[in-house]
Amino acid sequence: MTETLTANKKAIFGLSMGHFMVDLYASALIPLYPFLTSKLGIKLSTISLIIACGHLFSSMMQPLFGFFADRMHHRTFMVWGLIMGAIFIPLTVVVDKTWIMALFLLLGMCGNALFHPQVTSLVNTFNFNNPNLSKYMGAFMGLGTIGYALGPVLSSTLVDNFGVYSLSYVTVLGVSTALILYFQVPKIPASTINKAKENFFNIMKEILKKKTYLSLIWIAIVKSGMSISFGTYAPFMLKERGFTLSQIGIIVSLFFILSGVSMLTSSKIEKKIGAENIIKLSFWTVLPLILLFIHTLDKFPLFAVAIFILTGYFTFLSVSVTIVAAQNLMKEHKGVISGVMQGFSWGIGALSLAPLGYIGEIFGIDKVMILMALLAFFTGFFGITKDLKQVFKECV
């Protein structure tokens, strides 16, 4: 029993460290988007469309990658997903042509898509129905988000001080981490492999026709849309007020660090107020915070920045709760549902960047952020179905 427990903790630690690194690459470009826009001579709507398409393509592939991961004996997606992100994301900022930049961005995001469904499923696998699954899932998700938080400050600091080619240093770090993961994470137990000959599209059809799943997916989509839009457009607002690239990177990083902290603490809050209320707390608090940020940014910039950073805590507060609920509902297809909750939902949320970029050009970026906060506010009222409330009572 002791050996098994040690192996499980070893696996969770390794998976969490890999999640930290792959999400660090996923966010590294966020503070560099204004830089890339100026360097390539493209519009806000163009860079928004490229980002949206990259997120959409890679994220929509996650359920399919999860389908194959559920049937795999090997940890191939985990290793090669991290390696792809480590190589192609740093290459994105050194090119001089828009189409090459878009291609490298897409390949880097595909690495992210390979990685996530398999490792999120393995967190569940190596817990063996542990009643503390929400705690471990929160730690796994939290460390990934903290990695996502450090990506902007690392990339902006390196580029600001050493130039765009300095991002190659983190390529070496990512490839080394992938090799360590190969030996750190135990092999997948044969008993957990899904051997059923089910059709991927039938599984997706089952997911998308049930109100309970749709409610969980919608909550994940709104969370993703908020996170992506706040992280993408806040740097433009800060740049207009005279903040430097390094300062913007630090601010965005602190936003996502608090997001990671929220997932590390969410299981304790959930035990006190319940899963339904933690979603409401997450979504209802964002609107007043965003309004306060926007209306104080000009006169009280330091206060406004502090409010924006605090918003990160509430944006991600419900993530581990919804993922665990989804995995418990589809134990035989953990990889698929993990891909849906993380990838598919993130892709749909990222797709909103395309129209939001045009809205931002016409009405202002602040209106875009208010719009996303309003969507979250009303989701807190109407997005949790009766069936989902029952699921939270039974299996979270």
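**Exercise 1. Ala86 and its surroundings**

Leaving aside its neighbours within four places in sequence, which residues is Ala86 in contact with? Work in the predicted model shown above.

Solution.
- Step 1. Place the residue. Ala86 sits in helix H5, which covers residues 76-91.
- Step 2. Check its cover. Ala86 has a relative accessible area of 0%. Buried means under 20%, so Ala86 is buried.
- Step 3. List the partners. Ala86 is in contact with Tyr25, Thr171, Gly174 and Val175, once neighbours within four places are set aside.
- Step 4. Compare sequence with space. Ala86 and Val172 are 86 residues apart in sequence, and their C-alpha atoms are 7.6 Å apart.

**Exercise 2. Two residues of helix H11**

Find Ser262 and Ile269 in helix H11 and decide for each: buried or partly exposed?

Solution.
- Step 1. Find the helix. H11 runs over residues 245-273 and holds Ser262. Ile269 is found in H11 too.
- Step 2. Read the accessibility of Ser262. Its relative accessible area is 0%, so Ser262 is buried.
- Step 3. Do the same for Ile269. Its relative accessibility is 21%, so Ile269 counts as partly exposed. The cut-off for buried is under 20%.
- Step 4. Collect the contacts, not counting residues up to four places away. Ser262 touches Tyr313, Phe316 and Leu317. Ile269 touches Gly274, Ile278, Tyr313 and Leu317. Tyr313 and Leu317 appear in both lists.
- Step 5. Look for a polar partner of Ser262. Its side chain reaches the backbone oxygen of Tyr313 at 3.2 Å.
- Step 6. Take a distance from Ile269. Leu15 is 254 residues away in sequence and 24 Å away in space, C-alpha to C-alpha.

**Exercise 3. Thr120**

Which backbone oxygen does the side chain of Thr120 reach?

Solution.
- Step 1. Locate Thr120. It lies in helix H6, residues 98-125.
- Step 2. Check exposure. Thr120 is buried, with 0% relative accessible area.
- Step 3. Follow the side chain. It reaches the backbone oxygen of His116 at 2.8 Å.
- Step 4. Add the contacts beyond four places in sequence. Thr120 touches Met137, Phe140, Ile323, Gln327, Ser338 and Gln342.

**Exercise 4. Ile337**

How far apart in space are Ile337 and Phe67, C-alpha to C-alpha?

Solution.
- Step 1. Locate Ile337. Its place is in helix H16, residues 334-351.
- Step 2. Check exposure. At 1% relative accessible area, Ile337 is buried.
- Step 3. Read the pair. Ile337 and Phe67 are 270 residues apart in sequence and 8.8 Å apart in space.
- Step 4. List the contacts, leaving out residues up to four places away. Ile337 touches Ile207, Tyr213, Ala326, Gln327 and Met330. Gln327 is also touched by Thr120.

**Exercise 5. The whole protein**

Why does the radius of gyration agree with that of a compact globule?

Solution.
- Step 1. Count the elements. The protein has 19 helices and zero strands.
- Step 2. Apply the globule rule. For 396 residues, a compact globule would have a radius of gyration near 21 Å; the protein has 20 Å, so the two agree.
- Step 3. Add the spans. Along its principal axes, the C-alpha trace covers about 55 × 45 × 40 Å.
- Step 4. Check burial. Buried residues make up 61% of the 396 residues.
- Step 5. Sort the contacts. Among those between residues at least 6 apart in sequence, 87% join residues at least 24 apart.
- Step 6. Turn to the surface. About 16300 Å² is exposed, and carbon and sulfur atoms supply 68% of it.
- Step 7. Finish with charge. There are 29 positive and 16 negative side chains, and the centres of the two sets lie 4 Å apart.

Key: Residues are numbered from 1 along each chain as its sequence is written. This is a predicted model: local features need pLDDT of at least 70, side-chain atom pairs count only at pLDDT 80 or more; totals for chains, interfaces and linings use all residues. Side-chain values use heavy atoms; hydrogens and water are left out. Helices (H or I, at least four residues) and strands (E, at least two) are DSSP runs, numbered from the N terminus. Buried means under 20% relative accessible area, exposed over 50%, partly exposed in between (1.4 Å probe, protein chains only). A polar contact is a pair of N or O atoms within 3.5 Å; within protein, one must be able to donate a hydrogen and the other to accept it, and residues adjacent in sequence count only if both atoms are side-chain atoms. Contact means heavy atoms within 4.5 Å. The radius of gyration is taken over C-alpha atoms; the globule rule is 2.2 Å times the number of residues to the power 0.38. Accessible areas come from the Shrake-Rupley method with a 1.4 Å probe; for residues, only the protein chains shown count as cover. Lys and Arg count as positive and Asp and Glu as negative; His and the chain ends are not counted. The place of a charge is taken as NZ of Lys, CZ of Arg, CG of Asp or CD of Glu.
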